[in-house]
Amino acid sequence: MKFYLTLILVYLNTLNYAQGISVSPSRIFFKGEAGQTVSQVISFSNASTSEFYFVANIKDWDRDSLGVKQYYPMGQRKQSNGSWLSLSDNTIALAPGETKSVNLSITIPTNSKPQELTNSMLFFTQVKEQKDHLQHGVNMNILLEIGIQVYHTPNGMMPGDLEFLAFEDKGMSTKEADQQVRKMLVKIKNTGQINKDAYVRFELTNIESGEEIPVKSIAVAMLPHAEQWIELNLPATLKGRYLAVAILDAGTQYDLKIAEKEITY
């Protein structure tokens with residue numbers, strides 16, 4: 001028995017593939033009480049001229065202190081709901097131009113905690129079948145992987161808020177290719193029981209000249225009670241006194257949060 005593996009694994013945040021594969025939705029938020037079964041349709045579309053084959057698997061996940069996703073075997077994390085999930089079909093075959101759907105169901109255990117968000121990651125991994133050996137089912141090339149975040153959010157959970165915990169100047173730092181930058185960090189906490197999305201917008205103004213330095217906004221997503229550092233790289237050429245302002249925007253249902261720091265370079 002032989003397996004041929006091409007190690008090109010790609011996690012698609014947007015769930016839109018350049019060759020014509022799209023998957024929707026990218027995140028699923030199940031409601032439902034203990035003992036209930038709730039379902040959601042996942043749609044696949046192949047606009048390319050090639051055939052695609054996917055197999056499903058489930059993993060646990062969370063984020064580290066910088067917001068980077070970390071993956072674990074299903075059932076290893078206490079907030080896992082992977083064992084609650086079931087698919088109407090664990091394999092997806094898409095012919096050129098074909099659209100297909102599968103049904104994802106979650107059965108909430110009768111002993112589940114009523115005030116705790118649970119999550120998992122549903123992966124669809126592409127396999128390229130070697131047709132001359134297809135009858136043996138042993139040869140395949142792994143090409144790409146699509147991940148869908150799956151949450152169960154019980155009713156009545158406290159939304160909480162996002163808060164700034166720290167605003168720090170880390171001075172000069174070296175990025176890739178020996179590029180020098182000035183690094184700043186802000187620390188944010190999600191005080192609520194639900195997942196939150198937000199943008200951190202930065203304003204940097206030279207106090208003496210009034211010149212404003214353009215700074216890109218940074219998107220963040222945070223699990224309940226998580227603390228996360230947001231890293232901001234500024235030009236190494238900055239000289240003088242600056243006022244740095246960080247604005248935390250979690251949407252219209254939350255108040256804007258503002259943190260300021262004066263820095264001399």
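This report describes the strands, sheets, selected residues and internal spaces of a predicted protein model.

## Overall composition

The secondary structure of this predicted model comes to 18 strands and zero helices. The protein has 265 residues, of which 40% count as buried. Among contacts between residues at least 6 apart in sequence, 70% join residues at least 24 apart.

## The four-stranded sheet

One open sheet consists of four strands in the order β1-β3-β8-β6, and the pairing is antiparallel. Because β1 and β6 (85-87) each have a single partner strand, they stand at the edges of this sheet, and one side of each is left without a neighbour in the sheet. From one strand to the next, the twist averages 20°.

Within this sheet, β3 and β8 run antiparallel and are joined by nine bridges. One position in this pairing can be given by residue, since T37 stands opposite T107 in β8. Strands of a sheet pair through backbone hydrogen bonds, in either the parallel or the antiparallel sense.

## S105 in strand β8

S105 is found in strand β8, which covers residues 99-107. With a relative accessible area of 11%, S105 falls under the 20% limit and is therefore counted as buried. The side chain of S105 makes a polar contact with the side chain of N103, at 3.4 Å.

When neighbours within four places in sequence are left aside, the residues in contact with S105 are T37, V38 and S39, together with W84, L85 and S86. T37, one of these contacts of S105, is also the residue that stands opposite T107 in β8.

## Loops around β1, β2 and β3

The loop between β1 (21-24) and β2 holds P25, and a cis peptide bond with omega of about 0° joins S24 and P25.

A34 has its place in the loop between β2 (27-30) and β3 (37-46). The relative accessible area of A34 is 43%, which lies between the limits of 20% and 50%, so A34 is classed as partly exposed. Not counting residues up to four places away in sequence, A34 touches I108, P109, T110 and S112. A34 and K113 are 79 residues apart in sequence, while their C-alpha atoms are 8.4 Å apart in space.

## The hairpin of β4 and β5

Strand β4 (residues 52-63) and strand β5 (residues 69-73) run antiparallel and are joined by five bridges. In this pairing, D60 stands opposite Y72 in β5. The hairpin has five residues between the strands, and G67 takes a positive phi near 90° in it.

## The three-stranded sheet

A further open sheet has three strands in the order β11-β12-β16, with antiparallel pairing. The edge strands are β11 (162-174) and β16 (227-235), each of which pairs on one side only. The twist averages 20° from one strand to the next in this sheet.

The antiparallel pairing of β11 with strand β12 (residues 180-190) extends over 11 bridges, and F167 stands opposite V186 in β12.

## The largest pocket and H225

The largest pocket has a volume of about 420 Å³. It is lined by 21 residues, of which K78, Q79, L223, P224 and H225 are the closest to its centre. The elements that give two or more residues to this lining are β4, β15 (218-222) and β16.

H225, one of the residues closest to the centre of the largest pocket, is found in the loop between β15 and β16. H225 has a positive phi of about 65°, although it is not a glycine.

## The internal cavity

The structure holds one cavity of 30 Å³ or more, and the volume of the largest cavity is about 40 Å³. Its lining is made up of F167, M184, F202, E203, L204, V215, L232, L234, A244 and V245. F167, named in this lining, is also the residue that stands opposite V186 in β12.

At least two residues of the lining of the largest cavity are supplied by each of β13 (196-206), β16 and β17 (241-249). The largest share comes from β13, with three residues. β16 thus appears in three settings: it is an edge strand of the three-stranded sheet, it gives two or more residues to the lining of the largest pocket, and it supplies at least two residues of the lining of the largest cavity.

Key: Residues are numbered from 1 along each chain as its sequence is written. This is a predicted model: local features need pLDDT of at least 70, side-chain atom pairs count only at pLDDT 80 or more; totals for chains, interfaces and linings use all residues. Side-chain values use heavy atoms; hydrogens and water are left out. Two strands pair if DSSP finds at least two bridges between them. Buried means under 20% relative accessible area, exposed over 50%, partly exposed in between (1.4 Å probe, protein chains only). A polar contact is a pair of N or O atoms within 3.5 Å; within protein, one must be able to donate a hydrogen and the other to accept it, and residues adjacent in sequence count only if both atoms are side-chain atoms. Contact means heavy atoms within 4.5 Å. Axes are lines fitted to C-alpha atoms, for helices over the stretch in contact, and angles run from 0 to 180 degrees between N-to-C directions. On a 1 Å grid over the protein atoms alone, a cavity is a set of points where a 1.4 Å probe fits but cannot get out, and a pocket is an open set with protein on both sides within 12 Å along at least five of seven lines; lining residues have an atom within 4 Å of a point. Grid points are joined across faces, edges and corners, and a volume is the space filled by probe spheres set on the points.
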